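Notebook open, structure loaded. I'm jotting down what I look up as I go.

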Amino acid sequence: MILINLLPHREAARKLRRDVFNVSLGVSALVGGLLAGLIFLWFQAQISAQQGKNRLLQTEIQRFDNQIKDIAGLEAEIAALRARQQAVEDLQADRNLPVHLLTELVRQLPDGVYIASMRQENQSVTLQGVAQSNERVSELLRNLGSNTPWFSKPELIEIVAGSVALTPRDQRRVANFTIRVRLTRASEAEKMRAAASAAISAQGVASTAVAPTIAASTPVKK
């Protein structure tokens, strides 16, 4: 007996394949959505963690900025206190500067040089006077520049030839001069004096060491 299938089997197979495809598509979409959700949640967690770290860093940076401002303020106060202390020390050291000025000026004046006026502005002293000759003025400049630690940087501002009447018949030619010199502070003068003393001591030791060497190298005549 021959059996003949008259049902539309091709349509049923096509429908079955369509249903399987739709189910697979739905499952794939569901799995894809789950994976996308998991990835999104993971990125959100990473972003939240990084934002928390950023907030912590911002807080620490703000704290350090405040500390830096406090340190800068302390440094400014320390600098101001040091400046005040230096000003007080300079005032205490400069109390005797007029005495040193007059004493050293008397010591360094050569014969034939007379000071007519003297003006001091801070550490600058301007001297106006009369000298018997230009050589006397040059000698005064040398003395002020090298013979005393209380004066430095002497500068000849002006020298003008003039005359002085000793008697109605005795006219002498003189040199009217203006000199500017820097008056050294007491602390600087002490340092210069100490350096000069050290140099003199070193020269004395060197000469003492050289003398026995010369004596030893000199042959003795018999």
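Started with asparagine 122, which I find in the loop between E1 and E2. Helices (H or I, at least four residues) and strands (E, at least two) are DSSP runs here, numbered from the N terminus. This is a predicted model, so I note the filters: local features need pLDDT of at least 70, side-chain atom pairs count only at pLDDT 80 or more, and totals for chains, interfaces and linings use all residues. Residues are numbered from 1 along each chain as its sequence is written, and side-chain values use heavy atoms, with hydrogens and water left out.

Back to asparagine 122: its phi is positive, about 55°, although it is not a glycine. I wrote down the background too: most residues other than glycine have a negative phi. Is asparagine 122 buried or exposed? It counts as exposed, because its relative accessibility is 69%. My cut-offs are under 20% relative accessible area for buried, over 50% for exposed, and partly exposed in between (1.4 Å probe, protein chains only).

Looked for other positive phi values and stopped at lysine 153, with phi near 55° in a residue other than glycine. Lysine 153 lies in strand E3. Lysine 153 is exposed, since its relative accessible area is 69%.

**Hairpins**

Next, the strands around that loop. E1 (residues 113–121) pairs with E2 in the antiparallel sense, over eight bridges. Two strands pair if DSSP finds at least two bridges between them. One of the bridges takes methionine 118 to leucine 127 in E2. E1 and E2 make a hairpin with two residues between them, and asparagine 122 is in the turn.

How many bridges hold E3 and E4 together? I get 13, again antiparallel, with E3 spanning residues 151–167 and E4 spanning residues 170–183. Threonine 167 has aspartate 170 in E4 as its bridge partner. The hairpin from E3 to E4 goes through two residues.

**Single residues in the strands**

Checked threonine 126, in strand E2 (residues 124–131). I call threonine 126 buried because its relative accessible area is 12%. Which residues does threonine 126 touch, not counting residues up to four places away in sequence? I list Ser117, Met118, Arg119, Thr178, Ile179 and Arg180. Contact means heavy atoms within 4.5 Å.

Then isoleucine 157 in strand E3. Isoleucine 157 comes out partly exposed, because the relative accessible area is 39%. With residues up to four places away left out, isoleucine 157 touches Thr178, Ile179 and Arg180. The C-alpha atoms of isoleucine 157 and threonine 178 are 5.3 Å apart, with their positions 21 residues apart in sequence.

Glutamate 158 is found in E3 as well. Glutamate 158 is partly exposed, given a relative accessible area of 44%. Its contacts, leaving aside neighbours within four places in sequence, are Asn176, Phe177 and Thr178. I also took the C-alpha separation from glutamate 158 to alanine 175: 9.9 Å, for residues 17 apart along the chain.

**Pocket**

Where does the lining of the largest pocket come from? The residues are Tyr114, Val130, Ala131, Gln132, Val164, Leu166, Arg172, Arg173 and Val174. E2, E3 and E4 each give two or more residues to that lining, and E4 gives the largest share, three residues. My pocket criterion, on a 1 Å grid over the protein atoms alone, is an open set of points where a 1.4 Å probe fits, with protein on both sides within 12 Å along at least five of seven lines; lining residues have an atom within 4 Å of a point. About 160 Å³ of space lies in this pocket. The volume is the space filled by probe spheres set on the points, which are joined across faces, edges and corners.

**Rings**

Searched the whole structure for aromatic pairs and got one. Tryptophan 42 and phenylalanine 43 sit edge-to-face, 5.1 Å centre to centre, with 70° between the planes. Pairs here are rings of Phe, Tyr and Trp (its six-membered ring) with centres within 6.5 Å; planes under 30 degrees apart are stacked, over 60 edge-to-face, the rest tilted. Phenylalanine 43 counts as partly exposed because its relative accessibility is 45%.

**Whole chain**

Last look: four helices and four strands, running α-α-β-β-α-β-β-α from the N terminus. Buried residues make up 17% of the 222 residues.
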